[in-house]
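Please open the model in a viewer and keep the sequence panel visible. The tour below proceeds by selections, each followed by a description of what is found there.

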Amino acid sequence: MFIEGNKCLGLRCYKCSDYTGRCENVQECTYEDSCISLSEGGGKTIRQCIRYTDCDNSRLAQMFPSISKFSYRCCSSNLCNSASGVTMVTPALALASLLLSIWWCWS
């Protein structure tokens, strides 16, 4: 979450599905707590908001059934799913980030 004026806003992630690696569309995450960058074997990359609990090989295979081979990275800071600098997030880090964001917005 981040603060704009006096309003707490949720996580923002890049949202696109293309082969270029360029992504300028930004999505305000509603119920999701992470961003994903999912790359398929053919070179296409999908970026969007996602729940951290869905950042799992078997769950992603269900969510993207047309993609048979893929790699992915989930992260939990604003616009972290860009083409460069995407880092893996651990459950402890995701929880700590969420708690810190909630504390920051309400204090």
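## First selection: Gln48

Select Gln48 and display its surroundings: beyond its neighbours within four places in sequence, Gln48 is in contact with Cys13, Tyr14, Lys15, Gln27, Ser34, Cys35, Ile36, Phe64 and Asn81. The coordinates belong to a predicted model. Gln48 itself lies in strand β7, which covers residues 45-50. Is this glutamine buried or exposed? Its relative accessible area is 17%, so Gln48 counts as buried, the cut-off for that class being under 20%.

## The whole chain

Now clear the selection and colour the chain by secondary structure. Two helices and eight strands should appear. Followed from the N terminus, the order of elements is β-β-β-β-β-β-β-α-β-α. The chain has 107 residues, of which 35% count as buried. Switch to a surface display: the chain exposes about 6900 Å², and carbon and sulfur atoms supply 53% of that area. With regard to contacts between residues at least 6 apart in sequence, 46% join residues at least 24 apart.

## The nonpolar cores

In soluble globular proteins, nonpolar side chains tend to be buried together. To view the largest nonpolar core of this model, select Ile36, Leu38, Ile46, Ile50, Tyr52, Cys55, Leu60, Phe64, Ile67, Phe70 and Cys74, a set of eleven residues. Which elements give two or more residues to this core? They are β6 (34-40), β7 and β8 (70-75). Two members of the core, Ile36 and Phe64, were already met as contacts of Gln48.

Keep Ile67 selected and show what surrounds it. When residues up to four places away in sequence are set aside, Ile67 touches Leu38, Glu40 and Ile46. Of these partners, Leu38 and Ile46 belong to the largest core together with Ile67.

A second core, separate from the largest one, has seven residues; among them are Leu11, Cys13, Cys29 and Cys75. Cys13 is also one of the contacts of Gln48.

## The aromatic pair

A pair of aromatic rings is described by the distance of the centres and the angle of the planes. The structure holds one such pair. Select Phe70 and Tyr72 to see it: the ring centres are 6.3 Å apart, the planes make an angle of 50°, and the arrangement is classed as tilted. Phe70 is also part of the largest nonpolar core.

## The salt-bridge network

Side chains of opposite charge can pair when their charged atoms come close. Two salt bridges are present in the model. Select Arg51, Asp54 and Arg59, which are linked in a network of salt bridges. How far apart are the closest N and O atoms of Arg51 and Asp54? The separation is 3.0 Å. In the bridge between Arg59 and Asp54, the corresponding distance is 3.1 Å. The side chains of Asp54 and Arg59 are also joined by a polar contact of 3.1 Å.

Centre the view on Asp54, in the loop between β7 and α1 (57-63). Asp54 has a relative accessible area of 7% and therefore counts as buried. Arg51, at 42%, is partly exposed, and Arg59 is likewise partly exposed, at 29%. Apart from residues up to four places away in sequence, Asp54 touches Arg59, Leu60 and Met63. Leu60 is a member of the largest nonpolar core.

## Two loop positions

Select Thr30, which is located in the loop between β5 (26-28) and β6. Its relative accessibility is 59%, so Thr30 counts as exposed. Add Arg12 to the selection and draw a distance between the C-alpha atoms: Thr30 and Arg12 are 18 residues apart in sequence and 9.2 Å apart in space.

The last stop is Leu79, found in the loop between β8 and α2 (91-106). Inspect its backbone: Leu79 is not a glycine, yet its phi is positive, at about 55°. Is Leu79 buried or exposed? Neither class applies, because its relative accessibility of 23% makes Leu79 partly exposed.

Terms used:
Residues numbered from 1 in each chain as written. Predicted model: local features only at pLDDT ≥ 70, side-chain atom pairs only at ≥ 80, totals over all residues. Heavy atoms only, no water. Helix = DSSP H or I, 4+ residues; strand = E, 2+ residues; numbered from the N terminus. Buried < 20%, exposed > 50% of the residue type's maximum accessible area, 1.4 Å probe, protein only. Contact = heavy atoms within 4.5 Å. Areas by Shrake-Rupley, 256 points an atom, 1.4 Å probe, with all protein chains shown as cover. Phe/Tyr/Trp six-rings, centres within 6.5 Å; stacked < 30°, edge-to-face > 60°. Core = buried A, V, L, I, M, F, W, Y, C linked by side-chain atoms within 4.5 Å. Salt bridge = Lys/Arg side-chain N within 4 Å of Asp/Glu carboxyl O. Polar contact = N/O pair within 3.5 Å; in protein donor to acceptor, adjacent residues only side chain to side chain.
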